[in-house]
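Colleague: Could you take me closely through one part of this model, namely the sheets and what is packed around them? I would like a connected account rather than a list.

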Amino acid sequence: MLEKIRGFFIDKQFIRKREFLKSLSIFKGLSARELGQLLQMFHSRTYHEGETLFLEGDIGRALFIVESGRIELTKNGPGGRKQPLAELGPGSFFGEMALLEHLPRSANAAAKERSVLLLLYRSKLDEILHGYPHIGVAIMTHLARLLSSRLRRASESMAARGTEPAPRDEAAA
Amino acid sequence: MAEPAPSRRVPFSWPALFAAGIVVYLLFRIHAVLIPFVLSFALAYLVDPLIHNFEARGLKREHIVLTLYLVIAVAIGVAANFLLPAMTSELSLLQGRAASYYTGIQDTFAKLQAEVAQRLPWGRHIVEKMSLKMYNPLMEHLPKLPTYILGLVPLFSLLFLVPFITFFMLMDSKKFMQQAIDRCPGRHVEQVLHISSEIDTSLGNYLRGIMITAGIIGAASYLGLLALEVDYALAIAALSGVSSFIPYVGAIVGALAGGLVAFFQYHGFAAPLKVVALFTCIRLADEALVQPLISRHAMHLHPMVFLLALMVGGKLFGFIGLLFGVPAACVIKALIGVAWDYYTSQTQAAGHLSPEGVEVPYI
């Protein structure tokens, strides 16, 4: 009976999305309340099969999190051919560099099947950083770790190939 | 060697600009009809963070809105129980003393005229000019004051209409937003939501800021006037609080209205001076203590832009224009910011400046 009353007041879809956020490494260590606050800052959008999220060169504005479906990342190759970079499934996130600087995307992103994505914007992240510093710090710490890991991997990869690092770092997708 | 970034043109379309111009013109033509909607939108904006707070706990939006309206209805009922008798007594006091105020003003002006005429050279000439320019029109309008107050009655319909429209805005705003996002072409969702996020952040902070300021000024005025034992404390405080929606005006209106009442109540200058000192202190405390807290994350406008926004708003849309001139300027500034951001992103793309220390190897 109590459960039925609770079910009447509780938004099941919200709880499901909150649990989804909880499962992501980027939001590790946040309480249910904090995840709830964070979820308020996200926009949700359903993309149909083949629909473009962004193209290489578009200015990056948001972090994307794949809630369901599959997203294909490609890069423009010689002769306009698209070279596949990665295919991302539920729980993956990309475009996080847009939260740090507004630079052109370095890859194309399109939905490979019907996909639901969550979008987080820089202005909303600023709100989080001011209003809920604990959440903001957790996200920024994770982003810093992620960047550090990518840079380490890139350095190792270049060292293995015996190449010099490029003079300018390119923005990630 | 990295390929140079391809040059991209900032999207610009004359038809889109023309269409936007027509929309703005039409909105201007029907602005009187839009007033309750604009006020409801502002109210919904103010209440929304509270609803968000409960939504973050997993509660359904519609239940939160319904509960909120019930709580507000009960609060209004309780407040009316306390405030209505106070308002009624203040109004009956005003009604009883209106005649004496009228003759009091006449006497004061007559005395002032006599003093000026007697003591100053060309005094009689000055008095005649003053009578012609200030006194006569004022005395002509004063008996019509009840008619003017009655003229505000249609505004009271907004008291019922605005909460009604706000209710539906609060209930369905998320659905509308989601529908707009879903209908927006996939590739442009990111940019459109970026603009709306920027506007949302600056406008929301501004509106919440002025509401908090108005509430604090109103409450402080009421307590201060009660302490000074000035009549019509509640009415003057309410007037001062509402006037604070137009920045800087609240304290001035409060000081003028309170000073006049204190002058006729105590028949001297000591009490009005105390009232002016009270509103000066309130204004300074607002500037020193409240504004730094509430405007920390709000959009900052240059005082000249601020004044221009007030004047243009007032000229185009009257009183409502005064209220919403500055928020509109905030939206325009946010849009310019987004356009500038877009432009700088383009130029950064061509020659992206890395932060200092980037040349140090990763170790």
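Modeller: What follows is a walk through the two sheets of chain A, then a pair of helices in that chain, and finally a loop in chain B. Please keep in mind throughout that this is a predicted model.

I begin with the open sheet whose four strands come in the order E1-E8-E3-E6 in chain A, paired in the antiparallel sense. Strand E1 (43–47) and strand E6 (93–94) of chain A are its edges, and because each has a single partner strand, one side of each is left without a neighbour in the sheet. Strand E8, residues 115–121 of chain A, is joined to E1(A) by five bridges, and the two run antiparallel. Within that pairing, A:His43 has A:Leu119 of E8(A) as its bridge partner, while A:Arg45 stands opposite A:Leu117, which also belongs to E8(A). Turning to E3(A), six bridges join this strand to E8(A), again with an antiparallel run, and here A:Leu63 is placed opposite A:Leu120 of E8(A). E8(A) is mostly covered, since six of its seven residues are buried, a class that requires 20 or more other C-beta atoms within 10 Å.

Chain B also takes part in the surroundings of E1(A), which pairs with E8(A) over five bridges. Helix H7 of chain B, spanning residues 186–227, packs on the sheet and touches E1, strand E3 (62–68) and E8 of chain A, and the direction of the helix makes about 35 degrees with that of E8(A).

The other open sheet to look at has four strands in the order E2-E7-E4-E5, also in chain A and with antiparallel pairing. Its edges are strand E2 (52–54) and strand E5 (82–88) of chain A, each of which has a single partner strand, so that one side of each lacks a neighbour in the sheet. From one strand to the next, the twist averages 30 degrees. E2(A) pairs with strand E7 (residues 108–111) of chain A over two bridges, in the antiparallel sense, and A:Phe54 has A:Ala109 in E7(A) as its bridge partner.

Next comes the helix pair. Helix H4 (residues 122–131) and helix H5 (residues 133–161), both of chain A, pack at an angle of about 125 degrees, and their axes are 5 Å apart. Angles from 65 to 115 degrees would count as roughly perpendicular and those over 145 as roughly antiparallel, and H4(A) and H5(A) are therefore oblique to each other. The residues that meet are A:Leu125, A:Ile128 and A:Leu129 from H4(A), and A:Pro133, A:Ile135 and A:Gly136 from H5(A). Sorted by class, this contact has five nonpolar residues, one polar residue and no charged ones.

Finally, I return to chain B, where the backbone deserves a careful look. Most residues other than glycine have a negative phi. In contrast, B:Glu229, which is not a glycine, has a positive phi of about 55 degrees, and B:Tyr232, likewise a residue other than glycine, has a positive phi near 55 degrees. B:Glu229 is in the loop between H7 and helix H8 (233–243) of chain B, and B:Tyr232 is found in the loop between H7 and H8 of that chain. As for their surroundings, B:Glu229 counts as exposed because it has 11 C-beta neighbours inside 10 Å, whereas B:Tyr232 is buried, with 22 other C-beta atoms within 10 Å.

Methods:
Residues are numbered from 1 along each chain as its sequence is written. Chains are lettered from A and ligands numbered from 1 in the order in which they are written. This is a predicted model: local features need pLDDT of at least 70, side-chain atom pairs count only at pLDDT 80 or more; totals for chains, interfaces and linings use all residues. Axes are lines fitted to C-alpha atoms, for helices over the stretch in contact, and angles run from 0 to 180 degrees between N-to-C directions. Angles under 35 degrees count as roughly parallel, over 145 as roughly antiparallel, 65 to 115 as roughly perpendicular and the rest as oblique. Two residues are in contact if their C-beta atoms, placed from the backbone, lie within 7 Å. Ala, Val, Leu, Ile, Met, Phe, Trp, Tyr, Cys and Pro count as nonpolar, Asp, Glu, Lys and Arg as charged, and the others, Gly among them, as polar. Two strands pair if DSSP finds at least two bridges between them. A residue is buried if 20 or more other C-beta atoms lie within 10 Å of its own, exposed if 12 or fewer, and partly exposed in between; C-beta atoms are placed from the backbone.
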